[in-house]
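Biologist: Could you walk me through this one before I set anything up with it? I'd like to go piece by piece.

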Amino acid sequence: MGRLWLHGERLLPDIGGHLDAPMFVGRRIAFLSDHEGVGNLYSCLMDGSDLRRHTDHDAFYARHASSDGRRVVYQCGGDLWLVEDLESPDAVPRKLEVRLGGPRTGRRTYQVPASSHVDSLSVDETGRASAVSVRGSLYWLTHRDGPARTIADTPGVRVRLPEMLGSSGRVAYVTDAEGDDAVEIAYLPRASGDRPPRRLAAGRLGRIHEMVSDPEGERLAVASNDGRLLLLDTTEDDVEPAVDLLGPDGDPPEGPVPPEEPDQGVAPPRTVAPLDVLTRTADPGDAPQGAGPSDDGDGPPDGGTPDEAPADGTPDDGLTELIRSVNGPVRDLAFSPDGHWLTWSHPGIGRSLRQIKLARITGPGAPVMVDVTNGRFEDENPVFTGDGRYLAFLSWRGFDPVYDVHTGDLSFPLGCRPYLVPLSSATPSPFALLPDGRPAAGGLDPVDVPEGPVEGTTVIVEFEGLENRVTPFPVSASKYSALQPVSGGGLVWLRWPISGALGETFANPADMSGRPTLEHFNIAKARKTELVGHLDWFAVSGDATRLVVMDDGELRAVPSNESGDNDTTVFLDLRRILHDVDPAAEWRQAYGEAGRIIRSYFWEPDMCGIDWEGVLDQYRPLVERVSSPDEFADLLREVLGELGTSHAYVSPARRNEGPPHYQRAIGLLGANLVCRDGEWMVQRILPGDSSDSKARSPLAGAGIRDGAVLTHVDGRQVDPVAGPYPLLTAAGGTTVELTFRPAGGECGGRSRRIAIVPLVDERPLRYQDWVAKRREVVRELSHGKCGYLHIPDMGGSGWAQFNRDLRLEVSRPALIVDVRGNAGGHISELVVEKLTRTILGWDLTRNAQAVSYASNAPRGPVVALADEATSSDGDMITAAFRLLKLGPVVGQRTWGGVVGMTGRHRLGDGTVITVPMNAAWFDTYGWSVENHGVEPDLEALRTPLDWAEGRHAVLDDAVRVALDLLAAHPAATPPSYDTAPNLRRPPLPPR
């Protein structure tokens, strides 16, 4: 809710909605407001009377208003409008007809480097070529030499998730050519000529999350957003015999088709998607921010079996529903080497429990399903080993607690490990003890290791006792992901570094990459080796002998079971892919895709009554007027605004034009500088906080004191008007030389040169200074009786800030918990658990102050501070304060945004959107916190005059409330030794 102020007096205090763009226009104050449902132009007199509405837009909001003092110009629906007279109540806005004579260069076609736009890829059967998805198009790229050929590149159509169909010479991928997702099968170039692609199951698949082929390329397993696991038959009547896709020189072979060689590997072709392609976070340790997506209505009703034929009588397209989850989408699909079995990770109740399921999809009675694990833990990423004798998966089932060094709490940061399941009780576990011991070289006994090719091996699964045969790999618990089988009976996986949520455990606190390591495990030898030190993601070839690794924008093919050298490593030259971007077509496609994503994931299946198709139709003509990524993002913000729901965000795509050094940040000194008589003097060096590595001024400890004059930067004199900042442009994070003249004639007035590394971001430093000042105010107002904690967000930084001073601040009789400006997150429950602790007793130690039980519990009353910027999970903790009666809330009504999001969706042009997916409901408030917020118990406001004159009105009210409560309910105090028990031996009583 906006507020309008004039000379310290609030105008129109009873008006609701958002107020924006206040302007003095003649004798009136004009502004934009949506208090009547749609943003329009209003004005009032200087005393707030005579409120008038000057525009009547009911389809698009009036935005970006500006005035020359007489007239008001604003934008609405992509047009400019002018209101020429606010004095007359009959004045009407006039649309300005503006024609731009020049071309809109932002809509011109341009070429992008493929290395910066690789979405995903699928490696062929031999590891000699890959189908590479680049910014929504698909290309066939030979690894060593050879050209790049286009498979699918239609402007305005996005292709994603390519998947090789065995050795059949075909590749499947997801396309939105008809709007909703469909699977398209393309035939790779060969001597007999190209064939047109074949499209399957258009509009019947929901939004596809994952797609994997069986080894023969005869069927696809598809995981949809609505929880369905689908099987799609890809066979056709006129199938050509499989041929070698590439000749020795990278071209299609000429002449007769050679006989097919035995397949030396048995793992199905499988793509490990890039970390930002899927909506779930790639780092396996990241906490989700909301519940799974809801059904978008594309599939059959719950409990349905295979899909029925469409009403128009068209064929079934070979689409079969295998199972449907009621807790979000299934994931991590994998076929057995013989193609008769499918395994996947199935979501359980809550947001973390998952179990491994296995299904026989061919043969009598198919499908036959069995639970490999029971759903007690988070089990994911199941795969069959190459010989088909084992099922391996990753599981977060380690419960080895680690002590918190600050508060003594216990957590489980090392809970993940790979596990192995022998599919038959007759198959020995490679990690079990043997009566005759191990071979001298370690690993399995040679008689237990299959020799030679295992093509055609039939996978046999013994259901009885399957769960009891689960055994961990002999590797240390850590964070693992992307488990895949490779040739030679081995497995590869990514192991992630263990780091804090803020990244401060890395050597360089500014380095938040934390990239994983690729490791190989040889089951036969029970030996682990490192293949690649750092990478982004990888994909496995169809025969499992080669890996294609993405490493910081560079693709290379390496062996799958040993470290690559100069002879075995092939660097893929992505410059061969010449990809042209048609911005206008991309924006049309991205607009439609954004609409479909919202429809599929919005938290309420019926869109809360919104005519979503009507909204999309209303704004669609404006797409043709877009001429830059920022304009497209602005349009999408208006479209998503029609949801009337929080957490619907849009981040524009960037073309990153210009060399990198032009994009470097300005250098900041962590100090306040003022100009005095043409000289730039250090007024105050911010003190910072030693417990926050990012909150330290580069001038701290450099021997520079307040009052010193900055004269030169890198030997260049500081301009008396512009100051030092033009000289610090692009200097953030690099070493610079500063020359100071000491204050007050120190050091004989001689100048002093120092070398520092300017900050890129001063916000952590200034934030810690802001908190320290508020704590001083609370101490002064309460005479030391109140502690003060500020929580900036409900994420890692907020949890760190909350615990940074918790132990000291709760030791005071009362506590102020300030969540003003809280940016939200997902850890409000943890904060509430701490604040709801109650002192039940005391622990007394000689020569030390008593410690409360429970520890770190508030000793007396707790008062919360909130305002209109207390948002998202900040709304939640404010509601919890009131519902749990933790203490009164002082301040203003909170933001009102408790329909959260899970993950981010990257559109075809690079624009990123979020979808409101997880709605909060409370017993007392119902759905009403969304779009309204939580009302305070005591309303308090810091006016503009309070800001200008340095008064802390809200803190003053909060302290007064805390002291009043403290007087009525004194803080808990420990007992004295006067009441200690007398343990002296009693006198012996007479007989």
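Modeller: Let me start with a definition: a disulfide is counted here where a pair of cysteine sulfur atoms lies within 2.5 Å. Please also keep in mind throughout that this is a predicted model.

Biologist: How many disulfides does the structure hold, then?

Modeller: The count is 0 disulfides.

Biologist: And the cysteines themselves, say Cys675, is that buried, exposed or partly exposed?

Modeller: Cys675 has a relative accessibility of 33%, and since the partly exposed class runs between 20% and 50%, Cys675 counts as partly exposed. Cys786, on the other hand, is buried, with a relative accessible area of 0%.

Biologist: Back up a bit. What is the mean pLDDT of the chain?

Modeller: The mean pLDDT is 87, and 87% of the residues reach 70 or more. The stretch to treat with caution is residues 239–315, where the pLDDT is below 50, although the model still gives this stretch 191 contacts beyond near neighbours in sequence. Where pLDDT is low, the predicted coordinates should not be read in detail.

Biologist: Noted. How many helices and strands does the chain have?

Modeller: There are 10 helices and 60 strands in the chain. Of its 991 residues, 51% count as buried, and the accessible surface comes to about 46400 Å², with 51% of that belonging to carbon and sulfur atoms. If you take the contacts between residues at least 6 apart in sequence, 59% of them join residues at least 24 apart.

Biologist: Let's look at H1. How far does it reach from its first C-alpha to its last?

Modeller: Helix H1, which covers residues 583–601 and so has 19 residues, reaches 26 Å, close to the 27 Å expected at 1.5 Å a residue. H1 is also mostly covered, with 17 of its 19 residues buried.

Biologist: Now strands. Which strands does S8 pair with, starting with S7?

Modeller: Strand S7 (residues 62–67) runs antiparallel to S8 and is joined to S8 by 4 bridges, with Arg63 standing opposite Gln75 in S8. The two form a hairpin with 4 residues between them, and in that turn Gly69 has a positive phi of about 100°. On the other pairing, 5 bridges join S8 to strand S9 (residues 79–83), again in the antiparallel sense.

Biologist: What is the bridge partner of Cys76 in S9?

Modeller: The partner of Cys76 is Asp79. S8 and S9 form a hairpin as well, with 2 residues between them, and Gly77 in the turn has a positive phi of about 60°.

Biologist: Is S8 itself mostly covered or mostly open?

Modeller: Strand S8, residues 72–76, is mostly covered, with 4 of its 5 residues buried.

Biologist: Different part of the chain: what is the strand order in the open sheet that has S43 in it?

Modeller: The sheet has 3 strands in the order S43-S58-S57, with antiparallel pairing. Strand S43 (650–651) and strand S57 (905–906) stand at the edges with a single partner strand each, so one side of each is left without a neighbour in the sheet. The pairing of S57 with strand S58 (residues 912–913) rests on 2 bridges, and His905 stands opposite Ile913 in S58.

Biologist: I also want to check the backbone. Where are the cis peptide bonds, for instance the one at Pro367?

Modeller: That cis bond joins Ala366 and Pro367, with omega at about 0°, and Pro367 lies in the loop between strand S26 (354–360) and strand S27 (368–371). Another cis peptide bond joins Tyr853 and Ala854, with omega at about 10°; Ala854 is in the loop between strand S53 (851–853) and strand S54 (862–866).

Biologist: And which residues other than glycine have a positive phi, say around Leu12?

Modeller: Leu12 is one of them, with phi near 50°; this residue lies in the loop between strand S2 (9–11) and strand S3 (19–25), and a relative accessible area of 14% makes Leu12 buried. Ser872 also has a positive phi, near 60°.

Biologist: Where does Ser872 sit, and is it buried or exposed?

Modeller: Ser872 is in the loop between S54 and helix H8 (873–883), and at 12% relative accessibility Ser872 counts as buried.

Conventions
Residues are numbered from 1 along each chain as its sequence is written. This is a predicted model: local features need pLDDT of at least 70, side-chain atom pairs count only at pLDDT 80 or more; totals for chains, interfaces and linings use all residues. Side-chain values use heavy atoms; hydrogens and water are left out. Buried means under 20% relative accessible area, exposed over 50%, partly exposed in between (1.4 Å probe, protein chains only). Contact means heavy atoms within 4.5 Å. Accessible areas come from the Shrake-Rupley method with a 1.4 Å probe; for residues, only the protein chains shown count as cover. The expected span of a helix is 1.5 Å times one less than its number of residues. Two strands pair if DSSP finds at least two bridges between them. pLDDT is the predictor's confidence in each residue, from 0 to 100.
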